[in-house]
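Trainee: Could you take a close look at one part of this protein for me? I'd like to go through the salt bridges and what surrounds them.

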Amino acid sequence: MISYSLRCHKGHEFDGWFRDSAAFEQQSERGQLNCPSCNSIRIEKAIMAPAISGTKKSMRSKAGEAKQMRQFATGLRKYIQQNADYVGPNFAEEARKIHYGETPERHIYGEATPKEAKELIEEGVDVAPLPPDLDSAN
């Protein structure tokens, strides 16, 4: 995985994680990247300082780190919503069907109770919580 500092044409900066540099280029050319702040698809790599081992700790403020985490969570949520099928309250049932090969494999998201989520994990079904919708929490 490689992390890039990205910037949209409106100047919003955020981080993006990619399998490799070619994955960034492919997603960029296809218009699959979007700014978590304004949803612009005009995205470019921002200038990055190289990570050099043995230097002083980053001077990045806690507020800056919190902003980056918020942007990452927002971007991840949008990516999932754009690239997975929403199955609503049927999430546990659909996840099991996919896990046991009863239905074609695909990415899904939806709702599950804590009990259902625990049971899925105990069965070995690959699940993870969706980041919260931070924009609607304000």
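Mentor: Here is a walk through the salt bridges, with a bit of the setting before and after.

Keep in mind that this is a predicted model. The chain has 4 helices and 5 strands, and from the N terminus they come in the order β-β-α-β-α-β-α-β-α. Of its 138 residues, 24% count as buried. If you take contacts between residues at least 6 apart in sequence, 47% of them join residues at least 24 apart.

Now to the charges. The count comes to 11 salt bridges, and the part I'd zoom in on is a network that links D85, E93, E94, K97 and R106. Start inside helix α3, where K97 and E93 sit 4 residues apart, about one turn of the helix. Their side chains meet in a salt bridge, 3.3 Å from N to O. Both count as partly exposed: K97 has 27% relative accessibility, and E93 comes in at 44%.

Next in the network, R106 pairs with E94, with 3.1 Å between the closest N and O atoms. R106 belongs to the loop between α3 and β5 while E94 is in helix α3, so this bridge ties together parts that are 12 residues apart in sequence. The two partners differ in cover: E94 is buried, at 16% relative accessible area, because the cut-off for buried is under 20%. R106, at 29%, counts as partly exposed.

For another bridge within a helix, go to α4. E119 and K115 are 4 residues apart there, about one helical turn, and their closest N and O atoms are 3.6 Å apart. K115 is exposed at 60% relative accessible area, whereas E119 is partly exposed at 28%.

Helices α3 and α4 also turn up around the largest pocket, which holds about 790 Å³ of space. Along with α2 and β5 (108-110), α3 (91-99) and α4 (114-122) each supply at least two residues of the lining. There are 28 lining residues, and F91, I108, D126, V127 and A128 lie nearest the centre.

That leaves α2, which is worth a look for two residues. R77 is found in this helix and is buried, with a relative accessible area of 18%. Leaving out residues up to four places away in sequence, R77 touches L130, P131, P132 and D133. F72, also placed in α2 (residues 62-83), is partly exposed at 37%. Together with W17 and L76, F72 makes a nonpolar surface patch of about 290 Å².

Notes. Residues are numbered from 1 along each chain as its sequence is written. This is a predicted model: local features need pLDDT of at least 70, side-chain atom pairs count only at pLDDT 80 or more; totals for chains, interfaces and linings use all residues. Side-chain values use heavy atoms; hydrogens and water are left out. Patches are made of residues with over 30% relative accessible area and no salt bridge: like charges are joined within 9 Å, nonpolar side chains (Val, Leu, Ile, Met, Phe, Trp, Tyr) within 5 Å. Accessible areas come from the Shrake-Rupley method with a 1.4 Å probe; for residues, only the protein chains shown count as cover. A salt bridge is a side-chain nitrogen of Lys or Arg within 4 Å of a carboxyl oxygen of Asp or Glu. Buried means under 20% relative accessible area, exposed over 50%, partly exposed in between (1.4 Å probe, protein chains only). Contact means heavy atoms within 4.5 Å. On a 1 Å grid over the protein atoms alone, a cavity is a set of points where a 1.4 Å probe fits but cannot get out, and a pocket is an open set with protein on both sides within 12 Å along at least five of seven lines; lining residues have an atom within 4 Å of a point. Grid points are joined across faces, edges and corners, and a volume is the space filled by probe spheres set on the points.
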